[in-house]
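Welcome to this structure! Here are a few notes to read alongside the sequence and the 3D view, so please keep both open as you go.

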Amino acid sequence: MASALLYDRLQFAFTATFHYLFPQLTMGLALLIVYFKSRALWTGDDHYHRVARFWIKIFAISFAFGVVTGIPLEFQFGTNWARFSNYAGGVIGQTLGMEGLFAFFLESSFLGILLFGEEKLGPRVHWVASVMLFLGSWLSGWLIIATNAWMQHPVAYRVAEDGTLHVTSLWGLFTNDWLLWQYPHNMAASVATSAFVMAAVGAYYRLSGSHDLYARTFLRTGLVAAAIASFLLLFPTGHEAGKQVFTYQPATGAAFEGVFHNETGAGIVLVGQPNMDTLTIDNAITVPWALSILVYQRAKAEVRGLDTFPRDTWPDNVPLLYYAYHIMIGLGTLFVAVTGTALLWLWRGKLFDCPWLLWVLMLSAPFPYIATTAGWMTAELGRQPWLVYGLLRTSDGASPLVSSGNALFTLLGFMGLYTLLGLLFLFLIFDTINKGPAKAPHPRPATGDR
């Protein structure tokens with residue numbers, strides 16, 4: 001039987017990955033709901049109120065599953081990672097506590113108003129509630145990512161006499177260099193996810209010949225938002241986040257790109273397989289000088305190879321990290337191509353009657369989830385073997401009294417329970433989508449801005 005540490009890591013990876021399927025949709029949807037509510041208030045057109053109500057239902061279902069699957073993560077800090085909690089609780093307890101106390105209550109309270117208060121409170125207050133929901137969900141993301149950013153690049157802490165860590169400056173914690181690019185990169189990914197889902201629902205309605213007026217609104221809004229978010233994912237947020245990795249975690253950056261030895265004028269590998277026996281990239285197709293230019297703005301700049309770092313500081317699983325990074329980058333590039341093509345067809349007035357492109361958009365919905373999961377793997381695998389980079393190794397953070405059998409048992413339990421939760425979520429979401437938004441009392445032709 002494998003070690004308890006392996007099962008602890010697999011359990012947290014599985015539960016965190018499953019949990020993040022929900023907030024990555026709701027954080028992006030919160031912004032799009034504000035857009036629809038603002039447009040409804042500005043134009044007085046009830047069409048946008050009905051659109052907002054539909055997506056608020058999708059938000060509410062996803063939010064509920066996000067809460068249910070997020071609670072076990074908090075408990076795992078105490079059950080499976082007790083040494084880490086004791087060591088770093090003086091820091092991460094600040095950000096996680098504020099997330100639960102401020103962001104979660106802000107988000108959940110105003111979601112209730114959005115769901116049940118429209119008729120009693122009127123459109124202006126209902127619009128304010130949508131803005132507060134957006135602020136709550138993005139504040140939640142800020143505090144969670146601040147926690148992760150501190151684990152990637154510890155700042156604003158001191159070591160107490162008992163060896164534990166404590167915060168010295170909340171301002172320092174919230175202006176962590178790592179956070180300032182990681183946060184907008186994650187938010188752009190959330191908007192891309194929700195926008196692709198919105199466009200996919202619009203494409204589904206159009207292909208099935210149902211809810212045509214809403215199909216056009218969903219496609220227009222989803223595509224524009226997805227195109228903007230996809231571009232931001234690559235530049236500047238992805239580009240700057242990548243440069244930070246080479247600055248603060250150079251061994252991780254080298255593993256991202258499969259640079260095993262120092263290279264002057266290093267290229268970017270588009271296709272290739274890392275060979276850990278020869279420390280080379282097999283069958284490599286490379287863009288010359290591109291990596292040196294992107295990281296150091298000089299074609300002849302030297303990029304440090306992995307072999308210049310002690311072997312015990314290399315990321316644990318270089319091939320998996322390399323593939324996760326390349327999947328993330330590849331899908332991000334694909335998003336720009338797909339949304340750019342669809343916007344061109346929309347501008348030419350041919351998108352709504354182009355079945356092959358509608359099929360592409362409908363089937364694209366899962367790919368932002370895959371890209372985000374690959375991005376999360378890139379960040380977490382890249383930090384290994386450190387739990388808190390440079391301070392605490394992962395092997396030193398696990399709970400000493402949890403046996404491998406207990407860890408395996410709870411891992412299997414989570415996998416079974418989350419499978420049932422996933423099926424229930426899909427049933428509720430597809431049922432809501434098939435019912436569609438409320439019908440307009442006086443249907444109007446699907447022309448113009450819609």
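1. A good place to begin is the start of a helix. Asn-317 caps the N-terminal end of H11, with a side-chain oxygen 3.1 Å from the backbone nitrogen of Leu-320. Please bear in mind throughout that this is a predicted model.

2. Now follow that helix along. H11 covers residues 318-347, and its 30 residues should span 44 Å at 1.5 Å a residue; the end C-alpha atoms are 44 Å apart, so the expected and modelled spans agree. After H11 comes Gly-349, which has a positive phi, near 75 degrees.

3. Another positive phi is worth a look, this time in a hairpin. Strand S4 (residues 268-275) pairs with strand S5 (residues 280-287) in the antiparallel sense, over six bridges. To find your way across the pair, start from Val-271, whose bridge partner in S5 is Ile-285. Four residues lie between the two strands of this hairpin, and Leu-279 takes a positive phi near 55 degrees.

4. Which residues touch the most other members of the largest nonpolar core? They are Trp-55 and Phe-218, in a core of 108 residues. Helix H7 (residues 177-208) gives this core its largest share, 16 residues. Leaving aside neighbours within four places in sequence, Trp-55 is in contact with Phe-218 itself, and also with Leu-29, Ile-33, Phe-36, Val-197, Met-198 and Val-201. Another core, of 18 residues, lies apart from the largest one; its members include Phe-77, Phe-84, Trp-150 and Val-155.

5. Next, try Ala-229, which sits in helix H8 (residues 212-248). Is Ala-229 buried or exposed? Its relative accessible area is 4%, which is under the 20% cut-off, so Ala-229 counts as buried. Its C-alpha atom is separated by 5.0 Å from that of Ala-188, although the two residues are 41 apart along the chain. Beyond the neighbours within four places in sequence, Ala-229 is in contact with Ala-188, Val-191 and Ala-192.

6. Finally, have a look at His-49, a residue of helix H3 (residues 46-79). With a relative accessible area of 10%, His-49 is buried too. What does the side chain of His-49 join in a polar contact? The partner is the side chain of Lys-37, at 3.2 Å. Not counting residues up to four places away in sequence, His-49 touches Lys-37, Ala-40, Glu-118 and Pro-123.

Definitions and conventions. Residues numbered from 1 in each chain as written. Predicted model: local features only at pLDDT ≥ 70, side-chain atom pairs only at ≥ 80, totals over all residues. Heavy atoms only, no water. Buried < 20%, exposed > 50% of the residue type's maximum accessible area, 1.4 Å probe, protein only. Polar contact = N/O pair within 3.5 Å; in protein donor to acceptor, adjacent residues only side chain to side chain. Contact = heavy atoms within 4.5 Å. Pairing = 2+ DSSP bridges. Core = buried A, V, L, I, M, F, W, Y, C linked by side-chain atoms within 4.5 Å. Expected span 1.5 Å × (residues − 1).
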